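Here is my note on the ligand site, set out as numbered points. Please read it beside the sequence and the coordinates.

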Amino acid sequence: MSETNLIANRWQTSLSGKTRHVINPAYNRPIREIADSDAADVDAAVRAAAQAFPRWSHASGRERAQLLHDAMSIFRSRYLEESARLLTQENGKPLSDSLKEVRYTADVIDFYADEARRITGTHFAGDMGSTHSFVFKQPLGVAAAILPWNFPVDLLAWKLGPGLAAGCTFVVKPSEEAPLSTIPFVQAFLDAGLPEGVINVVMGGGVTGAALVDHPGVAKIAFTGSVDTGVRIAQAAAKNMKRTTLELGGSAPCLVFADADLEAAVKGALRRCYSHTGQICISVNRIFVQAQIFEAFVERYAELASKLTIAADGLLEPDADMGPMINAAAVDKVRQHVEDAAARGGRVIVGGDAPRAEKYAGGGFFFAPTVIIDVTAEMRVMREETFGPVAPIASFVTAREAVEAANATPYGLAAYVYTRDLDTAFHCARSLRCGGVGINVNDITDIRGPFGGAGMSGIGRELGEPGIDSYLETKHVRLAYGSMP
Ligand code: NAD
């Protein structure tokens, strides 16, 4: 049952035989056991990846592209539904959201499969004497992919897609909270004929992740997760100057100006605040509304927030707006943030507690969509990543004031602006301190565009061209040649 580590193309238990449970957050009940890996498992996985590297990195871009495309057609036909159902069971999102995630996952791999054929270098005549310079782009080596639980399959594709296309081999460490949906996804690559050891998987928690980060055979760490873990990884990676891409937490502001399409702004902010129960790195965390439309915005937002549907079981209610939270600690944090806001004068006008209906009494980790007004800058909901279904709504008068308030956290992942005025849009886009700004749109993700954070939200970018560049080393080769014979 716990043969969930993949080393040299063989699914196996951890070498120590240790296991841990994966929990269904809708019921707080175990679904399945996975391997709990230690440093010996990590070492075996890194060795397998290192052994596979020379062959995989020397395969032509065309060969790598073909394999990735084949893997995704197998994934779509054989494993996509299974992966989506496991995703709902292990992380709680309603099935329609899980299906959306795994379909996008396959698109990301297909996109980077094509990019495998576009990796080129450059060359130029030397500046001094008879020399010519060549600039090569070469894969870094063994990459470690360390994942969070909230988009476990998609965010794995953001790493495997560009990394495999570039010619790197991998050791993957899924989140201990949501590792099961990644298994059928990885199996699709094996079914497509992936050479031995190109992708390896070690299951486990923070101890496993730390062993992987410390392993001298790992050249690059691609991590998505919390700021605290990201800081620890950056410190550990610096010891061997390992390359890192760190995609960390956020506290995205949403600025709604008086000239905006009010209905579009309300619906955009609402979906981005409560989708996946607010547990998305680019979730709307703080809403700032211009004073003239504040009341109208709050009234409509509260009306729609109180009508959102919460699936008690995302397999049985596949189209619900949201599901349970991931675990008890996540619910506790949300509760603390709401209580802190209330203690400092915030008014909870929707939600504020677990939903009350009988169907939520099965032991799962639920919290209702919540709206808070009369919020101030010192409240935790306005300073920290709540990572839950909470919308604090503040008002502002000038654009300058709104941008200052929006920038007043150490994070800087995403921001959203709703306005019909080009000057306002452009000034906000330039002065918001973050990696991505959505203008009249509530998602900053596009496969072709860079995704990543400023400030404490991380280092480096995934997706787009930087996504693949971060798996390549640049090498300058300078050649001297003699005089014409
Ligand atoms: P987490 O930091 O608790 O865990 C992430 C992964 O790191 C897990 O696989 C965990 O086992 C591993 N880990 C823990 N300690 C480690 C260590 N010392 N060394 C190496 N690995 C270690 O994060 P989480 O709770 O799984 O995910 C939620 C967080 O992820 C939120 O803060 C969210 O904003 C962030 N996130 C960011 C993005 C982004 O693209 N910026 C996307 C999704 C989620």
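The points below go from the placement of the ligand to its polar contacts and then to the residues around it.

1. Before anything else, please keep in mind that this is a predicted model. In it, the space taken by the ligand is the largest pocket.

2. Three polar pairs deserve a look, each of them ending on an oxygen atom of the ligand. For Leu147 the partner is a backbone N or O atom, at 2.7 Å, while Lys173 offers a polar side-chain atom, at 2.7 Å from a ligand oxygen. Trp149 also takes part through a polar side-chain atom, which lies 3.2 Å from an oxygen atom of the ligand. As for cover, the ligand taken alone exposes 860 Å², of which the protein buries 88%.

3. The ligand has 30 residues around it, and those that come nearest are Leu147, Lys173, Ser226, Leu248 and Glu385. Sorted by class, this shell holds 15 nonpolar, ten polar and five charged residues.

4. Which elements give two or more residues to the shell around the ligand? They are helix H6 (206-214), strand S10 (220-224) and helix H7 (227-238), and the largest share, four residues, comes from H6.

5. At the level of domains, the shell draws at least three residues from domain 1 (5-248 + 457-476) and at least three from domain 2 (252-439), so that a review of the site should take in both assignments.

Methods: Residues numbered from 1 in each chain as written. Predicted model: local features only at pLDDT ≥ 70, side-chain atom pairs only at ≥ 80, totals over all residues. Heavy atoms only, no water. Near = heavy atom within 4 Å. Polar contact = N/O pair within 3.5 Å; in protein donor to acceptor, adjacent residues only side chain to side chain. Areas by Shrake-Rupley, 256 points an atom, 1.4 Å probe, with all protein chains shown as cover. 1 Å grid on protein atoms, 1.4 Å probe; cavity = no way out; pocket = protein on both sides within 12 Å on 5 of 7 lines; lining within 4 Å. Sits in = over half its atoms within 2 Å of the grid points. Nonpolar A, V, L, I, M, F, W, Y, C, P; charged D, E, K, R; others polar.
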